[in-house]
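Hi,

Here is the structure I promised to pass on. Have a look at it first, and then read my notes below.

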Amino acid sequence: MSSYSSILTYSEDEEIGLELITAAKEISKVFSHQIIAVTINTDPSILATSGCDIVCSVSVGTDPYVSPETAAVVLEQLSKKYNTKMLLIGSTKDGKELAGRLSGMLQIPAATDCYKLYPEDGELRVERMAFGGRVVATASLPKDSYLIALKARSYKKMNEQNKGKIEHIELPLKEQSVKVVNISKQAISALDLTKAEKIVSVGRGLRRKEDLSVIEPLANVLGAAIGCSRPLAADLGWMPEEAHIGLSGIQVKPKLYVAIGISGQLQHMAGVKDAGIIVAINQDKSAPIFSDCDYGIVGDLYQIIPELTKQIEAIKKQSL
Ligand SMILES: Cc1cc2nc3c(=O)[nH]c(=O)nc-3n(C[C@H](O)[C@H](O)[C@H](O)COP(=O)(O)OP(=O)(O)OC[C@H]3O[C@@H](n4cnc5c(N)ncnc54)[C@H](O)[C@@H]3O)c2cc1C
């Protein structure tokens, strides 16, 4: 084992896994740690070229879906093997469950939903949004004992010439209490949205689930992913839970965000604070969204969206 102390990074999402290595490098610049990126049941080769020292490629069972329960058991064992209690993970839905489990198992402090970290005064500081995005909460954690869950796209991934060493480890998997019996792909994934350059997002202004068919042609013509406000996913179940944007959902950074029938409560707007151009379509001219958008259209979405879609299609045809 190396004499350096190590930071372990892990996310079930490869892109976030790459971003975590960049974040770990920020810490290691000051505290000189080695960075060990962990993969579980996935190809380790991409992580090996992103600036980590070691990729620990773990095989557990044969199931490609690695539950937070399984990941927690693996990371607990790796924490012992590499003698470290410094971990960075992705603040995804599974990542947040993993954070809770691991923090308890390893008895270390955890901070989730962070988007920035930096060493200061011999400690580690993290920043996360609080009070609906109105303030930034800065927390401090001990520099040698922490679990930090970082949100997607908080850091840029790096590509390096020097390859990290790949260590293969097989771990016997104990019987897990949660068994996955089926995985079916959703049409819209949180991943599509966190990476999307354009998002068309729909809110409670929609009357029925079937009316999503009014929104889809606009998203198609713009080449946009579809997101929503919380009530559409969490209360009504018209959209996948991962598609809801905001404080309790995902944070997105598209160049274009079209908010349709969304009032613009601060819990929703907390998720789009880094968006480029915001266009709002709402029939109530006093809706709060009109104070937060770059372009606003006051009117009935059922009239505006089909017309807007037609106009954009026509412009696209002309420019061919
Ligand atoms: C702790 C906490 C966390 C939360 N987290 C989130 C979060 O992450 N994301 C989130 O979105 N919310 C979140 N919320 C809920 C949030 O406070 C709002 O209730 C929610 O954002 C409202 O969703 P909405 O804008 O779709 O609905 P509404 O507020 O009901 O707005 C619907 C809008 O549609 C307009 N409308 C109606 N019919 C039409 C039409 N035909 N054409 C055009 N416009 C029309 C109305 O004028 C209205 O402005 C959270 C709340 C709490 C307490």
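**What I found**

The secondary structure of the protein chain comes to 9 helices and 15 strands. Keep in mind as you read that this is a predicted model.

Let's start with the overall picture. The C-alpha trace spans about 65 × 45 × 40 Å along its principal axes. For a chain of 320 residues, a compact globule would have a radius of gyration near 20 Å, and the protein chain has 22 Å, which agrees. Of those 320 residues, 42% are buried. If you take the contacts with a separation of 6 or more, 63% of them are between residues 24 or more positions apart.

Next, the domains. The chain is divided into domain 1, covering 6–170, and domain 2, covering 190–318. Their centres, taken over C-alpha atoms, are separated by 32 Å. Where the two meet, 9 residues of domain 1 are in contact with 11 residues of domain 2. What sort of residues make up the side of domain 1 that touches domain 2? They divide into 5 charged, 2 polar and 2 nonpolar.

One helix I'd like you to look at is H3, residues 93–106. H3 has 14 residues, and from its first C-alpha to its last it reaches 20 Å, close to the 20 Å expected at 1.5 Å a residue. Which residues of H3 are buried? They are Gly95, Leu98, Ala99, Leu102 and Leu106. These residues cover an arc of only 110° around the axis, so they sit on the same side of H3. As for what they pack against, the partners are helix H2 (68–81) and the strands E4 (86–90), E5 (110–114) and E9 (146–150).

Just after H3 comes Gln107, which is in the loop between H3 and E5. Gln107 is not a glycine, yet its phi is positive, at about 55°. That's worth a second glance, because most residues other than glycine have a negative phi. Is Gln107 buried or exposed? It has 9 C-beta neighbours inside 10 Å, so Gln107 counts as exposed; the cut-off for exposed is 12 or fewer.

There is another case to look at, Ser32. Ser32 has a positive phi of about 50° although it is not a glycine. You'll find Ser32 in the loop between helix H1 (14–31) and strand E2 (34–40). With 9 C-beta neighbours inside 10 Å, Ser32 counts as exposed.

For a contrast, go to helix H5 (residues 212–222), where Leu218 lies. Leu218 has 24 C-beta neighbours inside 10 Å, which is why it counts as buried; 20 or more is what that takes. Which residues does Leu218 touch, leaving out those up to four places away in sequence? The list is Val200, Ile305, Leu308 and Thr309. If you want a sense of distance across the model, try Leu218 and Val58: they are 160 residues apart in sequence, and their C-alpha atoms are 43 Å apart in space.

If you have the viewer open, you could begin with the buried side of H3, made up of Gly95, Leu98, Ala99, Leu102 and Leu106, and then move along to Gln107 in the loop between H3 and E5. After that, Leu218 in H5 would be a good next stop.

Cheers

Notes. Residues are numbered from 1 along each chain as its sequence is written. This is a predicted model: local features need pLDDT of at least 70, side-chain atom pairs count only at pLDDT 80 or more; totals for chains, interfaces and linings use all residues. Helices (H or I, at least four residues) and strands (E, at least two) are DSSP runs, numbered from the N terminus. The radius of gyration is taken over C-alpha atoms; the globule rule is 2.2 Å times the number of residues to the power 0.38. Two residues are in contact if their C-beta atoms, placed from the backbone, lie within 7 Å. Domain bounds come from an automatic or database domain assignment. Ala, Val, Leu, Ile, Met, Phe, Trp, Tyr, Cys and Pro count as nonpolar, Asp, Glu, Lys and Arg as charged, and the others, Gly among them, as polar. The expected span of a helix is 1.5 Å times one less than its number of residues. The arc is that of the directions from the helix axis to the C-beta atoms.
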